[in-house]
Amino acid sequence: MLKKTLIFGHRGYPHKFPENSLAGFKYAINHGIDGLEFDVHLTKDNVPVIMHDEKIDRTTNGTGEIRSYTFSELRQFQLSDGQRVPTLKELLDLADKQPVHLNLEFKTNEIHYENIEKIVLDMVKNYDLVYPVIYSSFNLDSLKIAYKIDPTQQYCFLSEHDIKNPRELVTKEHLVGLHLSHYVPMKNIKERIWTVDDPKIQKHLFAQNVAGIFTNNFEAAEKVQSGSLA
């Protein structure tokens, strides 16, 4: 029997809540989402926090780079609905013992935070997660560092470009899959595709039985998957 394509909430549930917000993550977990995708940075005092951009300008009422603030300073700022910037710990507390897949992206392609891989891997070990975390990054160096620290985890490379020799890359870099911006037929390589909100494309990817898709509206994607487009 073929495994069903997992639906991941891209930055939580941005169709209903601010992206990468605790309320969005909580709603999604409570409503049975397959998986959550989110981005992790470090504050000035090395606290892992969840936000997409390196700067807080777009998603909060503050300005400047995450790394220029201590955690307590960062918590002074608010997301669009008044929530605070969430920590990785807060999300792990929500996900602990819950049947939800987590895709944690090391957001190190612009700023490679020192020791982020070890800090994050050590924190995750403290939790009783139902499924192993899927670690991903656009920065292959981050995945190499993480693999050296803990070769037992699942690492996936993110790319918006065509990968010439995917099988070679996966084998050489100890990857369990690729997270791509477009579907490319590949044999025996786990593919998760981002960011897919178009029902027609979702339907096609479900038919191809890709390992996962990332979407901003997981409830709509679930309806497409179950064949009950509303």
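Me: Helices and strands here are DSSP runs, at least four residues for a helix and at least two for a strand, numbered from the N terminus. With that in mind, where is the place of Asp 53?

Reply: This is a predicted model, by the way. Asp 53 is found in the loop that runs between strand S3 (48–50) and helix H2 (71–74).

Me: Is Asp 53 buried or exposed, and what makes it count that way?

Reply: Its relative accessibility is 18%. Buried means under 20%, so Asp 53 counts as buried.

Me: What makes the pairing of the Asp 53 and Arg 58 side chains a polar contact?

Reply: The two side chains come to 2.7 Å. The cut-off for a pair of N or O atoms is within 3.5 Å, with one able to donate a hydrogen and the other to accept it, so this pair qualifies as a polar contact.

Me: Which residues does Asp 53 touch, leaving out those up to four places away in sequence?

Reply: His 41, Arg 58 and Ile 66. They count because touching takes heavy atoms within 4.5 Å.

Me: How many cavities of 30 Å³ or more are there, and how much space lies in the largest?

Reply: The count is one, and the largest cavity holds about 40 Å³. It's called a cavity because a 1.4 Å probe fits inside but cannot get out.

Me: How do you know which class the residues of that cavity's lining belong to?

Reply: Go by residue type. Ile 50, Met 51, Leu 79, Val 85 and Pro 86 are in the lining, and they count as nonpolar because Ile, Met, Leu, Val and Pro are on the nonpolar list. Glu 19 lines the cavity too, and Glu goes with the charged types. Asn 20, His 52 and Thr 59 complete the lining. The split is five nonpolar, three polar and one charged.

Me: What about the largest pocket: how much space lies in it?

Reply: About 480 Å³. Of its 20 lining residues, Lys 3, Lys 190, Arg 192, Val 210 and Ala 211 are the closest to the centre. Strand S8 (residues 190–193) gives the largest share, three residues. By class, the lining has nine nonpolar, six polar and five charged residues.

Me: And the second largest pocket: what volume does it have?

Reply: About 180 Å³. Its lining has 16 residues, with His 10, Glu 37, Glu 105, Phe 138 and Trp 194 nearest the centre. Strand S2 (35–42) and strand S4 (101–106) are the elements giving two or more residues. The classes come out as four nonpolar, six polar and six charged.

Methods
Residues numbered from 1 in each chain as written. Predicted model: local features only at pLDDT ≥ 70, side-chain atom pairs only at ≥ 80, totals over all residues. Heavy atoms only, no water. Buried < 20%, exposed > 50% of the residue type's maximum accessible area, 1.4 Å probe, protein only. 1 Å grid on protein atoms, 1.4 Å probe; cavity = no way out; pocket = protein on both sides within 12 Å on 5 of 7 lines; lining within 4 Å. Points joined across faces, edges and corners; volume = space filled by probe spheres on them.
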